[in-house]
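Dear colleague,

Please find below the structure that I am handing over to you. A summary of what was found in it follows.

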Amino acid sequence: MTMSDKPSSQLTKLDFVAPISGEALPLTEHYEPVISHGLQGQGIMLKPLGSRLVAPCDGVVTEVAATSHQIKLQASHGVIVELTCGSSAITTHGVGFTRKINLGQRVKQGDPLIELDLINIRKQLPHLDIALLISHGVLTTKPHYGSVRVAEETVLTGIIKQK
């Protein structure tokens, strides 16, 4: 096999839009140490103002927590995207989280995933920060901070090695 016969790889980028309206902040400000220290992946934290959580990219729903507070998507190039809402959300038994998707469903960027009853959830949980995490398939991420509107602004850009 000569050098010219080797498959080449190139870098490509994948943009993730705001999954909810609110304030995009560094992941290091998240209250959960596992998330803030990057042990669950690279990403960004959002303080929600809106109540509609949407897909930050095109993908397939691969996991949904029984309480609907956590969703995983598989995006292009094998990238795994996780959205986690709230601290100890399992204690709510799913009250305040209305799921709009099913396991195995293909979603487009901006499609509704969950409707949040913010008043009810905030009565039950000490924190409702949302983590957008990339746990597989991305070499590096570039976060974009500030006020964001759902499905309109890019909050995270991932650099992917494409084969």
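**Strand pairing and overall form**

Leu46 has Ile130 in S11 as its bridge partner. Please bear in mind that this is a predicted model. The pair belongs to a wider arrangement: strand S3 (residues 42-48) and S11 run antiparallel and are joined by five bridges.

S11 also pairs with strand S7 (residues 80-85), again in the antiparallel sense, over six bridges. Here the bridge partner of Leu83 is Leu132 in S11. Strand S11 itself spans residues 130-136 and is mostly covered, with five of its seven residues buried.

Turning to the whole chain, the secondary structure consists of two helices and 14 strands. The radius of gyration is 16 Å, close to the 15 Å that the globule rule gives for 163 residues, so the chain is as compact as a globular protein of that length. Along the principal axes, the C-alpha atoms fill a box of roughly 65 × 30 × 30 Å.

How much of the chain is buried? Of its 163 residues, 46% count as buried. Among the contacts with a separation of 6 or more, 70% are between residues 24 or more positions apart.

Finally, two remarks concern the surface and the charges. The accessible surface of the chain is about 8,400 Å², and carbon and sulfur atoms account for 51% of that area. The chain carries 15 positive and 14 negative charges, whose mean positions are 4 Å apart.

Yours sincerely

Key: Residues numbered from 1 in each chain as written. Predicted model: local features only at pLDDT ≥ 70, side-chain atom pairs only at ≥ 80, totals over all residues. Heavy atoms only, no water. Helix = DSSP H or I, 4+ residues; strand = E, 2+ residues; numbered from the N terminus. Rg over C-alpha atoms; globule rule 2.2 N^0.38 Å. Buried < 20%, exposed > 50% of the residue type's maximum accessible area, 1.4 Å probe, protein only. Contact = heavy atoms within 4.5 Å. Areas by Shrake-Rupley, 256 points an atom, 1.4 Å probe, with all protein chains shown as cover. Lys, Arg positive; Asp, Glu negative; His and termini not counted. Charge placed at Lys NZ, Arg CZ, Asp CG, Glu CD. Pairing = 2+ DSSP bridges.
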